[in-house]
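These notebook entries record what I looked up in the structure. I began with the strands and then turned to the helices.

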Amino acid sequence: MSRFFDNDKEQERVILVAVNEKNDSDGQASLEELEELTKTAGALCVGTLTQNLEHANNTTYLGKGKLEELKTMLVALDATGIICDTELTPVQMKNLSQILDTKIMDRTMIILDIFAARANTKEGKIQVELAQLKYNATMLVGLRDSLSRLGGGIGTRGPGEKKLEMDRRLIREEISKLKKELEAVKKHRQTQRKLRSNNSSPVICIVGYTNAGKSTLLNYLTHADVLSEDKLFATLDPTTRMLKTENGQNIMLTDTVGFISRLPHHLIQAFRSTLEEAKYSDIILHVVDASNPDMDRQMYAVYETLRKLEINEKPIITAFNKVDRFEEKPILKDLKADETVLVSAKTGEGTKQLLDVLEKKIAESQVYVEKVIPYKATGLLTNIRNYGQLLEEDYREDGIFIKAYVRKQDAVQLEEW
């Protein structure tokens, strides 16, 4: 059982089902990922069934023959339900429920369920419930007919069965209420961002595919205690920690929720404000699991999500993580990144080079100055130490001579002196 789920019932036994459309080369990888999602949600995968089709059946997802095979598997494997590796339509959900007489779930339900278990902040909980309600509103016909087979467990967290029984009008009212609550939280977040941009350190947003090692890297660099596990979506709510470099500059590192292929559009909409942390950062630090055979597909999923969030112009540093798993250093490239570094968040290998690259990138956005600061304006020196890179200082009779990279607003103040 997953320790994130308060469920005293026996562990659910599920069969994973997938239609491999047009012999999609990513089909097997997606099914393996669904198995990891299932495990994270607390269920046990007891079998898999796939079918190669030009397109999934519009009414039953699978063909007639495969449905009969699935019926046999459910009995033989003593399975309590199936999980389809896609987002089912209401018609598919309803028909599968009637034909198979078992609990029917899809990829979106599982992801939403995991998010419901992992959300800790008020904003995160509102976002999850909003995403679930929007999903349930579209699936109401199919879900209503299969309510008697849900029986709790995975796929039913958050709003739960009572909200599934609401009519569409009540769900719309609930969605409207949650949107207002989320808007209030969003305004607070925008105020925080404004204060931070007026008087703050450079902000680096850590993004990457789920389980790439983002939280582990954040912990290593900042000695933080962020939850870090070998599971999908180990952390959900964004975490910000301060990093002080060797030259004394403060950098804010923000860890975000892990990305995933085919992230439900309900979640992209609901979590836009959280994921927009990347939009307001100075640099994107893209962490990649270099040991994963599906690395290229995962990188594509991250960049697709960033594109949907309209984050296109930020400098990107790609850290190929988990290189400690290789006997020889691999040759890895990311054509979308400004710089790439090989690191191991577990051992610390390559992290010094990563910090050097980050400092170099930050310096490119700052202004280089050589200036004498009067002793009565030493407050500016404090700002430079905290938010810039102080390269040299010399205490002279007429003031403090400095060589430094400074923020543009600090450069303006220096010119006034």
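Entry 1, a parallel strand pair. I looked up strand β5 (residues 203–208) and strand β8 (residues 283–289), and I found that they run parallel and are joined by five bridges. I then asked which residue of β8 is the bridge partner of G208. It is V287. I note here that the model is a predicted one.

Entry 2, the sheet around that pair. I followed the pairing outwards and recorded an open sheet of six strands, in the order β6-β7-β5-β8-β9-β10, with mixed pairing. Which strands form the edges? I identified β6 (239–244) and β10 (339–342), each of which pairs on one side only. I also noted that neighbouring strands in this sheet are turned against each other by 25° on average, with direction ignored.

Entry 3, a helix on the six-stranded sheet. I looked for the strands that helix α12 (residues 295–308) lies across, and I listed β5, β8 and β9 (316–321). The helix α12 runs at about 155° to β8.

Entry 4, the three-stranded sheet. I recorded a further open sheet, in which three strands follow the order β11-β13-β12 and the pairing is antiparallel. Its edge strands are β11 and β12, since each is paired on one side only. From one strand to the next, I noted an average twist of 10°. For β11 and strand β13 (residues 399–406), I found seven bridges and an antiparallel run. Within this pair, K371 is placed opposite I402 of β13. I then looked up the helix on this sheet: α14 packs there and touches β11, β12 and β13. The direction of α14 makes about 150° with that of β12.

Entry 5, aromatic pairs. How many aromatic pairs does the structure hold? I recorded two. For one of them, Y375 with Y395, the ring centres are 6.4 Å apart and the planes lie at 25°, so I entered the pair as stacked. I next located both residues in the chain: Y375 is in the loop between β11 (367–373) and α14 (378–387), whereas Y395 is in strand β12 (residues 389–396). The two are 20 residues apart, and the pair links distant parts of the chain.

Entry 6, helices α1 and α4. I looked up the packing of helix α1 (residues 27–41) with helix α4 (residues 107–118) and recorded an angle of about 40°, with 10 Å between the axes. The crossing in which α1 passes α4 is left-handed. On the α1 side, I listed S30, E33, L34, L37, T38, T40 and A41; these meet R107, I110, I111, I114 and R118 in α4. Sorted by class, this contact comprises six nonpolar, three polar and three charged residues.

Entry 7, helices α2 and α3. At what angle do helix α2 (residues 64–76) and helix α3 (residues 90–100) pack? I recorded about 55°, with the axes 10 Å apart. That angle makes α2 oblique to α3. I noted a right-handed crossing where α2 passes α3. The residues that meet are L67, L70, K71 and L74 from α2 and L96, I99 and L100 from α3. I divided the residues of this contact by class and entered six nonpolar, no polar and one charged.

Terms used
Residues numbered from 1 in each chain as written. Predicted model: local features only at pLDDT ≥ 70, side-chain atom pairs only at ≥ 80, totals over all residues. Heavy atoms only, no water. Axes fitted to C-alpha atoms, helices over the stretch in contact; angles between N-to-C directions. Parallel < 35°, antiparallel > 145°, perpendicular 65-115°, else oblique. Left-handed = near helix turned anticlockwise from the far one by under 90°. Contact = heavy atoms within 4.5 Å. Nonpolar A, V, L, I, M, F, W, Y, C, P; charged D, E, K, R; others polar. Pairing = 2+ DSSP bridges. Phe/Tyr/Trp six-rings, centres within 6.5 Å; stacked < 30°, edge-to-face > 60°.
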